[in-house]
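I opened this entry to keep track of a few local features that I wanted to look up, one after another, in the structure below.

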Amino acid sequence: MGMKVAIIGAKGRMGQAMAAGVTATDDLELVAQLDVGDDITAETLNGAEVAIEFTKPYASLANVLAIIDAGVNPVVGTTGWTDEALAQVEEELATKPELGAVIAPNYALSAVLAMTFAQKAARYFDSAEVIELHHPNKVDAPSGTALTTAKHIAEARREAGLGAMPDATETDPDGARGANIDGVHVHAVRLKGLTAHEEIVFGNAGEQLTIRTDSFDRESFWPGVLLAVREVKNHPGLTFGLDKLMDL
Ligand code: NAP
């Protein structure tokens with residue numbers, strides 16, 4: 001039999017998609033599906049080596065601490081992690097040095113790669129802007145991925161000694177230039193029919209580079225989660241961000 005895996009948040013949209021991924025993978029075995037109201041203990045985790053957790057921001061920390069307490073390696077996709085909450089996970093992991101935990105705000109390989117490539121490209125261009133495009137049911141803007149992308153671009157520009165981007169805009173009463181994140185403009189499109197998309201545009205005199213990522217379906221998160229499920233035991237302590245496991 002293969003590696004035993006539990007799902008926390010099993011009734012949710014991501015939980016169901018992840019359960020389908022585990023079931024379809026020959027060397028994984030789905031041994032527990034827990035949701036709100038179920039205790040997370042060594043017994044209920046039923047011999048799992050890894051627990052995939054996609055629940056709610058207010059519930060995730062307690063779940064992850066319980067998973068670690070039970071001696072199981074968590075792979076976490078729930079968003080909304082604060083530095084304080086991450087520090088609590090690290091403290092808990094220190095009591096079980098053999099365990100690893102992976103927490104990643106984005107498991108889509110294409111999004112992680114786009115962010116990494118954008119960070120690498122940033123120092124070669126005078127101008128850079130981020131356009132994120134999502135379905136109209138999304139409640140927050142800009143997306144966490146766009147925010148992180150913009151911050152990485154700003155950091156790379158600073159390290160390369162680049163100054164402010166060329167922009168002669170003097171009047172913009174309605175905010176047409178978008179959000180200004182650390183000096184990088186971020187534009188959010190909400191359009192029926194879209195899922196989750198991001199475009200990073202770089203400009204120099206006479207040339208442009210566009211990096212674009214499109215997620216069409218929740219199944220796009222499975223290859224990244226699978227990578228984390230396979231790798232988590234080889235990385236004791238906390239790993240934040242899928243890029244750390246991708247040898248980029
Ligand atoms: P969802 O459909 O609302 O699923 C969450 C599930 O967790 C629900 O069944 C919910 O039950 C359950 N739950 C709530 N509290 C719980 C608890 N204390 N213990 C166990 N289960 C609990 O949400 P989703 O669309 O699957 O998204 C889940 C999370 O993943 C969100 O934070 C989302 O932003 C994030 N996400 C991350 C990625 C990534 O790549 N990292 C990708 C997609 C989504 P109730 O409905 O009864 O509360």
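I began with Asn-46, which I found in the loop between α2 (42-45) and β3. This is a predicted model, and in it Asn-46 has a positive phi of about 55° although the residue is not a glycine.

Next I looked for a cis peptide bond and noted one that joins Ala-141 and Pro-142, with omega at about -5°. I placed Pro-142 in the loop between β6 and α6.

I then turned to the aromatic rings, and the structure holds two aromatic pairs. For one of them, Phe-54 with Tyr-107, I noted ring centres 6.1 Å apart and planes at 55°, so I entered the pair as tilted, given that planes over 60 degrees apart would count as edge-to-face and those under 30 as stacked. This pair links distant parts of the chain, since Phe-54 sits in the loop between β3 (50-53) and α3, whereas Tyr-107 sits in the loop between β5 (100-103) and α5 (109-121), 53 residues apart.

How do α3 and α4 pack, and at what angle? I wrote down an angle of about 10° for helix α3 (residues 57-69) against helix α4 (residues 83-94), with their axes 10 Å apart. Angles under 35 degrees count as roughly parallel, and α3 and α4 are therefore roughly parallel to each other. At their contact, Leu-61, Val-64, Leu-65, Ile-68 and Asp-69 from α3 meet Ala-85, Gln-88, Val-89, Glu-92 and Leu-93 from α4. Sorted by class, this contact has seven nonpolar, one polar and two charged residues.

My last search was for empty space, and I recorded about 190 Å³ in the second largest pocket. I listed 18 residues in the lining of this pocket, and those nearest its centre are Arg-157, Ala-164, Met-165, Gly-183 and Val-184. At least two lining residues come from each of β6 (127-134), α6 (144-159) and β8 (184-190). By class, I noted the lining of the second largest pocket as seven nonpolar, five polar and six charged residues.

Definitions and conventions. Residues numbered from 1 in each chain as written. Predicted model: local features only at pLDDT ≥ 70, side-chain atom pairs only at ≥ 80, totals over all residues. Heavy atoms only, no water. Axes fitted to C-alpha atoms, helices over the stretch in contact; angles between N-to-C directions. Helix = DSSP H or I, 4+ residues; strand = E, 2+ residues; numbered from the N terminus. Parallel < 35°, antiparallel > 145°, perpendicular 65-115°, else oblique. Contact = heavy atoms within 4.5 Å. Nonpolar A, V, L, I, M, F, W, Y, C, P; charged D, E, K, R; others polar. 1 Å grid on protein atoms, 1.4 Å probe; cavity = no way out; pocket = protein on both sides within 12 Å on 5 of 7 lines; lining within 4 Å. Points joined across faces, edges and corners; volume = space filled by probe spheres on them. Phe/Tyr/Trp six-rings, centres within 6.5 Å; stacked < 30°, edge-to-face > 60°.
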